[in-house]
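Good morning, colleagues. Please bring up the model on the screen, and I shall take us through its internal spaces, its helix packing and some points of its backbone.

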Amino acid sequence: MTVLETRGDELRETWASPPGLVGFVSAVNHKSIGLRFIVTAFAFLLIGGLEAMLIRTQLIRPENGFLDAEAYNQLFTMHGTTMMFLFAVPMIEGLAMYLVPLMIGTRDLPFPRLNAFGYWCFLLGGVLLNWSFLTGSVPDGGWFAYTPLTGPEYSPTAGIDYWLLGVTFVEIAGVVGALELAVLILRQRAPGMSLLRMPLFVWSILVSSGMMLVAFPAVITASILLELERKLGLPFYDPGAGGNPLLWQHLFWIFGHPEVYIMLLPATGIVSAVVAVHTRRPIVAYELVAAALVAIGIISFGLWVHHMFAVGIPVLAQTLFAVASATIAIPSGIQVFAWLATMLQGRPRWSTPMLYVVGFVVTFVAGGITGVMVAAAPFDWQVHDSFFVVAHFHYVLIGGVLFPIFAGLHHWFPKMVGRVPNEGAGRLSFLLVFVGFHIAFFPQHILGLRGMPRRVYTYGETVGWDGYNAVSTIGSYLLGLGVLVYAYNLWRAWRRGPVAPDDPWGGDGLEWSTASPPEVYNFRELPVVGGRAPRWEPAPVPDNRTASTIAALAAPDGGGRQQLRTTMVAAEPDDAFAVAGPTPWPLGTAVAIGITLVGVLIDHAFLAAVGAILVVAAALRWTSPPGGWRARPETWADLEPPRSRPGGWHGLLLGLVAVACIGGSFLYAYFYLFVTADGWPPSGVGSPGLLLASAAVAAAVAGSVAVGVAGRRTEARTPALLLAGVLGMAALAADALDVADLRFSPSDHAYGAAFVTLRGFAMVVTAVGVLVLGVALRACLRRPGDPWTSAVMQITRLFWLFVAATTVVVWSVLQVTPRVSGGDGGGRPATGSHHSLGIGGGTAGELPR
C-alpha cells in the first residue's frame, strides 16, 4: 500500500460516522446533512404540490363542491407555508451545505454539530406544522398570517399556534445554516481563492446568508409577539389597547420581501454555474455579476412596503418604495444579459440542466416585467389581492427558483450520488414542467385583470372566470406530472442509473476534482487555486508556507478532524483547527426545543419548563472540545502562529447579529406603536422606576468589565469569572424584582406589553451570558493554558460585550421615551404608592390613514 493510500485510509477512519442507526442520528458531515435537507425539502415539495392540485381542482368550475371554504383556507395556507418555509430555502441551504465546501476546497463546515442541529430543527418544525392535519386544527390564516385575522378573537383554535411555533422552529434552522455558510465561505476557502476568485454560486450563498441573518429575525419576532398576544393577552396587534395590526405586516414583509431574494439569489448562482459548464465558457462580466448579487441583497431590504401600498401608506413613502422596487430590476438585468452573452460566446450543450436554465430565463423575465408593473402604486391598487398577484409571484418563485433548483439537482446529481440521471426523462420532465407552468399561471394574469380576487374558494357562473380557471387547472396537472417525472428520474438513477465519472460535464470548479460521490473527507490534499476556473486552468505552484500547510493537513497526526482556516480576503493559510465529530446531542437539543414548543402549544407550563431545562442541558454537551482537538497539531510546530481570531468567534459574532436583529425588531415594534398609537404611554402610566433598572444595568456592565479582565490576565481568570457570574445573577435578580414590582398589567395596553417584552429580552440575553460564564469557568478549571480555553475566553468576552450593550440600550429606551413623551406619574410614584394602569375603558386607537 502506498503512502497516499495509507493516508487516505487514516483520513477515512478519522472522518467516518458510526454505522447503523447510531451513525444516522449522530452524523454531522456536511454531505450527509446536506442530502438530508435536499431529500426532506423535496418531500415537502411533493406535499405542497398535492395541496396545490386540490386547490386547483376546487377552482376548475364555478360553484364546485369539491372543497368547502374551511378546507380551502387550510389548504392554501399550508400550500404557501410549505413552499416558502419548508421547500425553497431548506432546499437551497441543503445544496449549499453539500456543495460549497467542495467548491471552495475544504473538508467540512466550521460547526458540524450546529449544522446537524439545524437539520433536526427543520425536520421537527415541518412535522409540527403538518401534524396539525392529524389534530384537526390546521392553520387557515394564509401563509402570511395577517392580524387581526390570526389573533385570538378570530382564530381561537390552535391552528395558528401550530403555524407560529412551526415556522419559528424552521426559521431557527435557517439562521443556523446561514451562520455556518457565512463563516465557512469567509474563513475556509482554499489557499489562493480570494474573494474575486470565488464561484458565483458561492457569492450568491454568501450574500443570501447575510440576508438571512438580518431578515429572518423579523418574522421570528413577529411570531413571538403574536404568540404572546394569543397565549398571554399582550395586545401588540389590538388597536383597542394601543396596538396596531399593521405592525404585523411591517415585521412580516421586512422579512418577506428579502426572503424572495434569499431564495432567488442562490438560484441565480446555480444558473451561473450551469451556464458556465454547459457552454464551456466562464461567465461574461464576472465582476459585474458578483456586484449585482451584492446590490440585490442590499436593495431588497428597502422594498417591504411594496406589499402594503393598499393599506394607506403616505404617497411620498409609496413613491420611495416604488422607486426602490423598480431599481432592483437593474442588477437583475445585469445577470440576465451576462448569461445570454455567455451562451452566445460559448458552445451551449442542450442538456436537461441547460433546458431548465433557458426556461428560467424566459419565465423569470416575464415575472420581472409584472414585478415592475405592481411596483407602480396606482396599478398595484387595481390588482392588489387579485389573481394577477398570484400569477406574478408564481412566475417569480417557480420560474425563478424551482427551474434553477431542478437544473442544479440534475447538474450535480452525478457528483452527489455517483449515478447519472436519464437525459430523455429529464427532457420530458422539462417539457411538461415548462408547458404546464405557463398554461397554469399565464391565464391567472387575465383572471386578475378581470377582477377575480385571490383566496376565494368558489365563484359564480356568470362572472366569466370559468374558462380561464379550467385551463389553469389543466396546466397545473401537467406541471404536477412533470414534477413527478423529474422525481422518478432521479429516484431511478439513484437505484440503478449508470455509474458517474468524477467529472461527467467537464466542469470548471473544484467540486469536479473529487470522486463521485466524494470521500467523507473531500480532499486528501487541499487544493491551491490560481484563478476563477481551477479545473480549466493550470494549477499554481504554492509557496513554501502553503506547501507545508497542505502537507501538514494531509495526515490526521492525532489532531482530530483537521481543517484549514484562511484569511478572509486573500485566502492565505492562517491556522489549522479541528471540528467536532458525530454525536446525537444536536438531535437531543432539537427534541428538547420541540418539547418546549409543544408545552406552549397545549398551554402546559410545566412541560414547557422541562423542555427549556433539557435544552440547556443538551446544548451544554456541545461545549466540550472535540476529541483530539488541539489548535496546533505536532506537524504545525514549525509554522507561523495564527494571525486572526478563531472561527468560533466569527460564528458568535454573526449569531449575535441575528440576536441583535431580534432585539432591533422588538425596538421597531416599540417605536412603531409609540408613533402610531394614541397616547403612548397612556395616561396614568408615566415614567418607569429607575433604581432597580439602573442597578441591573450597572451590574451587567460591571460583569462585562470583569470578563474583560479575565480575558487579559490569565492569572486572574477564575476569580474574575466568578465575580462576573455573581454580577450577572445580581443583574437578573434586580430585573426580576423590578418587573415583579410593576403595578400595571402588560395585558391592559400595548405599552405595558412592549415594556415587559423588552425587559424580558434583556433578561434572556443576560441569563445566557451567565451560562456562557459557566462554560468558560469550566474550561479554565479543567484545561488552564490550553488553546481551547483561550478560544472560549475570546468568545465569552464578545458575548458579554453584547450583554452590556443590550442592557444599556433597553434601559435607555424604556427610561427615556416615557419622560420625553411627557408621562405624568408612572407605575411607581415618588410617594412609594402604586396604582394600576388605568386605561381599561380607554378609546380604541384608530388605524393609520
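The lining of the largest cavity consists of Ala693, Ala696, Val697, Asp735, Arg759, Ala762, Thr807, Val810, Trp811, Leu814 and Gln815. Please bear in mind throughout that this is a predicted model. Three elements each contribute two or more residues to that lining: helix H21, spanning 691-712, helix H23, spanning 750-782, and helix H24, spanning 787-820. Which of the elements supplies the largest share? It is H24, with five residues. Sorted by class, the lining of this cavity holds seven nonpolar residues, two polar ones and two charged ones. The space inside the largest cavity comes to about 100 Å³. Across the whole structure, the search returns six cavities of 30 Å³ or more.

I turn next to the second largest cavity, which encloses about 70 Å³. It is lined by 13 residues, and those closest to its centre are Phe85, Val89, Pro90, Val170 and Gly174. Helix H4, residues 69-103, and helix H6, residues 159-187, are the elements that give two or more residues to this lining. H4 provides the largest share here, namely five residues. In terms of class, nine of the lining residues are nonpolar, one is polar and three are charged.

H4 also leads us to the helix packing. As a reminder, a pair of packed helices is described by the angle between their axes and the distance between those axes. H4 packs with helix H5, residues 112-135, at an angle of about 165 degrees, and the two axes are 12 Å apart. How, then, do H4 and H5 run relative to each other, roughly parallel or roughly antiparallel? Angles over 145 degrees count as roughly antiparallel, and H4 is therefore roughly antiparallel to H5. The crossing of H4 past H5 is left-handed. On the H4 side, the contact involves Met78, Thr81, Leu86, Pro90 and Met97; on the H5 side, it involves Asn115, Phe122, Gly126, Leu129, Asn130 and Phe133. This contact comprises seven nonpolar residues and four polar ones, with no charged residue. Pro90 thus appears twice in this account: it is one of the residues closest to the centre of the second largest cavity, and it belongs to the H4 side of the contact with H5.

A second pair is formed by helix H8, residues 246-279, and helix H9, residues 286-299, whose axes come within 10 Å and cross at roughly 170 degrees. That angle makes H8 roughly antiparallel to H9. Tyr261, Leu265, Thr268 and Ser272 of H8 make the contact with Val289, Leu293, Ile296 and Gly297 of H9. Here the division is five nonpolar and three polar, again with no charged residue.

The third pair takes us back to H24, which was introduced with the largest cavity. The axes of helix H22, residues 717-740, and H24 come within 13 Å and cross at roughly 30 degrees. Why are H22 and H24 described as roughly parallel? Angles under 35 degrees count as roughly parallel, and H22 and H24 are therefore placed in that group. H22 passes H24 in a left-handed crossing. Arg717, Leu721, Ala724 and Gly728 of H22 meet Thr789, Ser790, Met793 and Trp800 of H24. By class, this contact has four nonpolar residues, three polar and one charged.

Finally, I come to the backbone. Most peptide bonds are trans, and most residues other than glycine have a negative phi. Against that background, where does the model depart from the usual pattern? A cis peptide bond joins Thr147 and Pro148, with omega of about 5 degrees. Pro148 is located in the loop between H5 and H6. Another cis peptide bond joins Ser516 and Pro517, and its omega is about -10 degrees. Pro517 is found in the loop between helix H16, residues 466-496, and helix H17, residues 544-553. As for phi, Arg280 has a value near 60 degrees, which is positive in a residue other than glycine. Arg280 lies in the loop between H8 and H9, the two helices described above as roughly antiparallel.

That concludes my presentation, and I thank you for your attention.

Key
Residues are numbered from 1 along each chain as its sequence is written. This is a predicted model: local features need pLDDT of at least 70, side-chain atom pairs count only at pLDDT 80 or more; totals for chains, interfaces and linings use all residues. Side-chain values use heavy atoms; hydrogens and water are left out. On a 1 Å grid over the protein atoms alone, a cavity is a set of points where a 1.4 Å probe fits but cannot get out, and a pocket is an open set with protein on both sides within 12 Å along at least five of seven lines; lining residues have an atom within 4 Å of a point. Grid points are joined across faces, edges and corners, and a volume is the space filled by probe spheres set on the points. Helices (H or I, at least four residues) and strands (E, at least two) are DSSP runs, numbered from the N terminus. Ala, Val, Leu, Ile, Met, Phe, Trp, Tyr, Cys and Pro count as nonpolar, Asp, Glu, Lys and Arg as charged, and the others, Gly among them, as polar. Axes are lines fitted to C-alpha atoms, for helices over the stretch in contact, and angles run from 0 to 180 degrees between N-to-C directions. Angles under 35 degrees count as roughly parallel, over 145 as roughly antiparallel, 65 to 115 as roughly perpendicular and the rest as oblique. A crossing is left-handed if the near helix is turned anticlockwise from the far one by less than a right angle, and right-handed if clockwise. Contact means heavy atoms within 4.5 Å.
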